[in-house]
Amino acid sequence: MNSFGPYSPAYPNTNEDWRFAMAELHPAGKSVLTVTGSGDQPIAFAISGANKIDTFDTTYFARVIMDMKTSAIQTMDHKQYNNFVQGLRNTKSVREIPGYDKIASVCPRPSILAAKQMTGCKIFNAGTGVRAEYMPNDDEYNIAKQKITGPMNFIWSDLQGLHQELKQEYEIIYLSNIFEYFHNQKQITTILNNLKPFIKNGGEIMLYTSWVQTGVSESIDAAARACGWGETKSHNRPNAFMLTMKRTR
């Protein structure tokens with residue numbers, strides 16, 4: 001994979017059309033394992049009614065930003081939360097983030113300590129910045145405040161080793177666009193076969209999402225079909241594409 005590592009900077013905000021993904025996956029009442037990313041993916045699943053949400057990521061700072069965002073949701077109004085997220089990307093000290101004093105006593109201690117220990121470093125500046133269209137609106141934020149009452153479970157692992165850390169089956173496994181950075185179809189097939197025991201029969205793995213379908217998605221689709229135990233499906237709308245695989249046996 002690229003330069004993604006255990007202490008790579010986290011993304012301050014998702015660049016995925018999560019509303020489209022949620023509308024296609026129908027997570028209400030389901031168990032979910034999702035990439036942590038910017039923290040927005042698990043928050044989206046909470047807004048959409050998932051009943052259990054576990055997260056994973058290769059970088060520890062994904063956990064830190066998720067813990068900070070879920071703490072902010074519990075303690076801030078919508079305007080304050082937007083200002084808080086806008087302040088994450090370029091900060092070199094958590095004390096500089098708007099509203100930090102509100103989350104300091106709520107955010108899990110390990111994440112606060114990790115952020116303080118990285119003072120002087122931009123640990124939330126991956127990507128190109130905050131995409132306002134993917135921030136929760138008023139109604140979505142109110143739902144998030146009702147649903148998110150504490151920290152979410154985090155598994156610190158890259159995708160290759162994830163299966164060694166899992167203990168249960170899920171109805172949805174959400175991999176975002178991680179496979180975009182793999183250039184070996186056999187490696188993708190191996191990873192999916194390793195995850196098979198942890199996806200319920202009839203459950204779905206979200207393999208890839210983008211603005212458009214490309215040769216990358218076709219390569220991932222071929223690797224998934226080579227597994228022999230699932231059916232792939234393309235989900236399309238203008239300016240959004242998603243590839244999933246349902247476990248059929």
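Which residues in α3 meet which residues in α4? The views below come from a predicted model, and the first one takes up this question.

**View 1. Helices α3 and α4 pack against each other.**
Helix α3 covers residues 60–75, and helix α4 covers residues 78–86. Their axes lie 9 Å apart, at an angle of about 155°. Angles over 145 degrees count as roughly antiparallel, so α3 is roughly antiparallel to α4. The crossing of the two helices is right-handed.

**View 2. Side by side, α3 and α4 share a contact.**
From α3 come Met68, Lys69, Ala72, Ile73 and Thr75. They meet Gln80, Tyr81, Phe84 and Val85 of α4. By class, the residues of this contact are six nonpolar, two polar and one charged.

**View 3. The largest pocket has a volume of about 730 Å³.**
Its lining holds 35 residues. Closest to the centre are Tyr11, Glu16, Ser176, Asn177 and Tyr181. Three elements each give two or more residues to the lining: β2 (52–57), β5 (199–210) and β7 (240–247). Strand β5 gives the largest share, with three residues. What classes of residue line this pocket? The lining has 15 nonpolar, 15 polar and five charged residues.

**View 4. The largest cavity has a volume of about 50 Å³.**
The structure holds two cavities of 30 Å³ or more, and this view shows the largest. Trp18, Asp40, Ile43, Ala44, Ile47, Tyr81, Tyr134 and Pro136 line the space. Which helix gives the most to this lining? Helix α2, residues 40–47, does, with four residues. Seven of the lining residues are nonpolar and one is charged, with no polar residues. Look for Tyr81 here: this residue of α4 is also part of the contact with α3, and it lines the largest cavity.

**View 5. The second largest cavity holds about 40 Å³ of space.**
Around this cavity sit Thr91, Lys92, Ser93 and Val94. Ala115, Met118, Cys121, Ile123 and Phe124 are also in its lining. How do these residues divide by class? Six are nonpolar, two are polar and one is charged.

Key:
Residues are numbered from 1 along each chain as its sequence is written. This is a predicted model: local features need pLDDT of at least 70, side-chain atom pairs count only at pLDDT 80 or more; totals for chains, interfaces and linings use all residues. Side-chain values use heavy atoms; hydrogens and water are left out. On a 1 Å grid over the protein atoms alone, a cavity is a set of points where a 1.4 Å probe fits but cannot get out, and a pocket is an open set with protein on both sides within 12 Å along at least five of seven lines; lining residues have an atom within 4 Å of a point. Grid points are joined across faces, edges and corners, and a volume is the space filled by probe spheres set on the points. Ala, Val, Leu, Ile, Met, Phe, Trp, Tyr, Cys and Pro count as nonpolar, Asp, Glu, Lys and Arg as charged, and the others, Gly among them, as polar. Axes are lines fitted to C-alpha atoms, for helices over the stretch in contact, and angles run from 0 to 180 degrees between N-to-C directions. Angles under 35 degrees count as roughly parallel, over 145 as roughly antiparallel, 65 to 115 as roughly perpendicular and the rest as oblique. A crossing is left-handed if the near helix is turned anticlockwise from the far one by less than a right angle, and right-handed if clockwise. Contact means heavy atoms within 4.5 Å.
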